[in-house]
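Q: Got a minute to go through this one with me? I'd like to start with the DNA side and then move on to the fold.

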2 protein chains.
Amino acid sequence: MEYLEGKNKFIQAWGTLGSNWGINKAMAQIHALLLLATEPLSAEQIMEELQISRGNANMNLRALMDWGIVKKEFKVGERKEFFSTSKDVWELAKQVSRERRRREIEPILSILKEVQGVSGENKKEVEEFKKVTAELFDFSQKVDNTLVKFTNSDQNWFFKLLLKI
Amino acid sequence: MEYLEGKNKFIQAWGTLGSNWGINKAMAQIHALLLLATEPLSAEQIMEELQISRGNANMNLRALMDWGIVKKEFKVGERKEFFSTSKDVWELAKQVSRERRRREIEPILSILKEVQGVSGENKKEVEEFKKVTAELFDFSQKVDNTLVKFTNSDQNWFFKLLLKI
DNA sequence: AATAAGTTTCAATAATATTTGAAAGTATAG
DNA sequence: CTATACTTTCAAATATTATTGAAACTTATT
């Protein structure tokens with residue numbers, strides 16, 4: 001397979017994967033492009049390679065920076081900004097976990113806690129509600145704890161551990 | 001907080017959580033409703049409670065059944081179909097992992113493997129490409145293995161294990 | 001201070017995904 | 001067999017989300 005074909009295939013696949021996990025296609029594709037780049041890329045280069053507009057590139061680069069997985073860089077003598085991402089897959093996974101934990105697990109935990117105190121006429125329904133939400137709370141908390149450990153772990157502690165089983 | 005308020009809050013939150021993870025809102029909300037129900041619900045009841053159309057209810061119930069997390073049930077003397085979901089959060093998590101593994105990890109693994117064999121003029125680029133995709137392949141395979149263990153584990157083996165650390 | 005190079009914003013537009021509802025399909029009961 | 005109760009399908013409508021592009025803004029250079 002030709003390099004260019006492989007590259008496009010990979011970028012395409014990364015975009016699709018992102019979409020399935022609630023990350024917009026352009027954002028995932030920019031990330032894929034940066035993963036493959038041998039040096040930081042300018043907004044122009046990204047626009048050009050992915051055939052997207054300046055506004056789109058800018059917004060998604062910002063989103064990637066918000067996620068903490070893309071960094072702005074400057075080159076001496078150049079006024080333009082350049083962008084790069086870490087090639088360390090392990091670091092990437094940890095950063096994504098960290099953000100998703102903050103953005104999704106924490107809010108759901110807080111809601112589950114909040115709704116625990118419901119009251120009402122129908123005893124059976126209320127009890128079922130409390131039971132289910134309590135179990136979800138418990139489970140979510142376990143996931144949360146696991147992610148905290150994971151995101152703070154050095155190396156691939158996690159997988160090494162699993163190998164021992 | 002009144003039961004109804006809590007219920008709505010939970011259903012709403014479950015829908016939002018779903019959206020963030022690439023699952024459509026109605027699908028997640030139907031699931032939330034079934035989680036809280038004290039007995040299997042008919043399509044009518046679901047349509048009524050969530051204020052959605054018959055077609056919508058039907059399609060998303062089918063999708064939930066495809067995911068293996070909702071089951072059709074029949075009541076004696078009733079011609080209608082009823083739907084229920086397992087209240088076991090652990091089982092639910094395993095089933096979702098199983099499906100996502102099949103639907104997303106396996107395809108990406110196959111693409112990563114496929115693009116490994118690229119060739120091209122620019123040695124530096126090609127090498128970087130192979131390096132990055134090889135690392136992603138390795139990582140994805142580890143995740144895949146972990147999920148296999150997870151989805152086959154009894155009880156909360158996983159979390160119990162983590163407690164030991 | 002004026003110009004140039006580059007970045008950001010955001011209303012308008014386009015693309016995508018979801019939802020509806022009515023018609024077609026199926027199965028059960030009489 | 002056929003009327004009835006219910007389910008499924010899917011084209012069209014709607015809602016949501018992503019993208020564009022040009023104007024506004026910012027910063028650096030002369």
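Q: Which element gives the largest share of the surface near DNA strand C?
A: That's α4(A), with 5 residues. Bear in mind that this is a predicted model.

Q: And which elements supply at least two residues there?
A: α4 of chain A and α4 of chain B each do that for the surface near DNA strand C.

Q: Which residues come nearest to strand C?
A: There are 18 residues around DNA strand C, and the nearest are A:Asn58, A:Arg62, A:Glu81, B:Asn24 and B:Ser53. Of the strand's atoms that come within 4 Å of the protein, sugar and phosphate account for 60%.

Q: OK, what touches the phosphates of strand C, say from A:Asn58?
A: An N or O atom in the side chain of A:Asn58 is 2.2 Å from a phosphate oxygen of DNA strand C. A:Glu81 uses a polar backbone atom, 2.8 Å from a phosphate oxygen of that strand. From chain B, the side chain of B:Asn56 has an N or O atom 3.2 Å from a phosphate oxygen of DNA strand C.

Q: How does the surface near strand C split by class?
A: It has 3 nonpolar, 8 polar and 7 charged residues.

Q: Now strand D. Which residues come nearest there?
A: A:Ser53, A:Asn56, B:Asn58, B:Arg62 and B:Glu81, out of 18 residues around DNA strand D.

Q: How much of the strand D contact is sugar or phosphate?
A: 66% of the strand D atoms within 4 Å of the protein belong to sugar or phosphate, and the rest belong to bases.

Q: What are the polar contacts to strand D, phosphate or base?
A: There are examples of each. The side chain of B:Asn58 puts an N or O atom 2.3 Å from a phosphate oxygen of DNA strand D, and for the side chain of A:Asn56 the distance to a phosphate oxygen is 3.1 Å. On the base side, a polar side-chain atom of B:Arg79 lies 3.2 Å from a base nitrogen of DNA strand D. As for elements, α4 (54-66) of chain A and α4 (54-66) of chain B are the ones that give two or more residues to the surface near DNA strand D.

Q: Which element has the largest share near strand D?
A: α4(B), which gives 5 residues. By class, the surface near DNA strand D comes out at 3 nonpolar, 8 polar and 7 charged residues.

Q: Switching to the fold. What's the strand order in the chain B sheet?
A: It's β1-β3-β2, an open sheet of 3 strands with antiparallel pairing. β1 (41-42) and β2 (70-74) of chain B are the edge strands, each pairing on one side only.

Q: How many bridges join β2(B) to β3(B)?
A: 5 bridges join β2(B) to β3 (residues 81-85) of chain B, and the two run antiparallel. Within that pair, B:Val70 has B:Thr85 in β3(B) as its bridge partner. α4(B) packs on the sheet, where it touches β2 and β3 of chain B, and its direction makes about 110 degrees with that of β2(B).

Q: What sits between β2(B) and β3(B)?
A: They form a hairpin with 6 residues between them. B:Gly77 is in the turn, with a positive phi of about 80 degrees.

Q: And what's the sheet in chain A like?
A: Chain A has an open sheet of 3 strands in the order β1-β3-β2, with antiparallel pairing. Its edge strands are β1 (41-42) and β2 (70-74) of chain A. β1(A) pairs with β3 (residues 81-85) of chain A over 2 bridges, in the antiparallel sense, and A:Leu41 stands opposite A:Phe83 in β3(A). α4(A) packs on that sheet, touching β2 and β3 of chain A, at about 110 degrees to the direction of β2(A).

Q: Last topic, helices across the chains. How do α1(A) and α6(B) cross?
A: The axes of α1 (residues 3-20) of chain A and α6 (residues 123-152) of chain B come within 11 Å and cross at roughly 35 degrees. The crossing is left-handed.

Q: Which residues meet there?
A: From α1(A) you get A:Tyr3, A:Gly6, A:Lys7, A:Phe10 and A:Trp14, meeting B:Glu125, B:Val126, B:Phe129, B:Thr133 and B:Leu136 of α6(B). The residues of that contact divide into 6 nonpolar, 2 polar and 2 charged.

Notes
Residues are numbered from 1 along each chain as its sequence is written. Chains are lettered from A and ligands numbered from 1 in the order in which they are written. This is a predicted model: local features need pLDDT of at least 70, side-chain atom pairs count only at pLDDT 80 or more; totals for chains, interfaces and linings use all residues. Side-chain values use heavy atoms; hydrogens and water are left out. A residue is near a molecule or strand if one of its heavy atoms lies within 4 Å of it. A polar contact is a pair of N or O atoms within 3.5 Å; within protein, one must be able to donate a hydrogen and the other to accept it, and residues adjacent in sequence count only if both atoms are side-chain atoms. Helices (H or I, at least four residues) and strands (E, at least two) are DSSP runs, numbered from the N terminus. Ala, Val, Leu, Ile, Met, Phe, Trp, Tyr, Cys and Pro count as nonpolar, Asp, Glu, Lys and Arg as charged, and the others, Gly among them, as polar. Two strands pair if DSSP finds at least two bridges between them. Contact means heavy atoms within 4.5 Å. Axes are lines fitted to C-alpha atoms, for helices over the stretch in contact, and angles run from 0 to 180 degrees between N-to-C directions. A crossing is left-handed if the near helix is turned anticlockwise from the far one by less than a right angle, and right-handed if clockwise.
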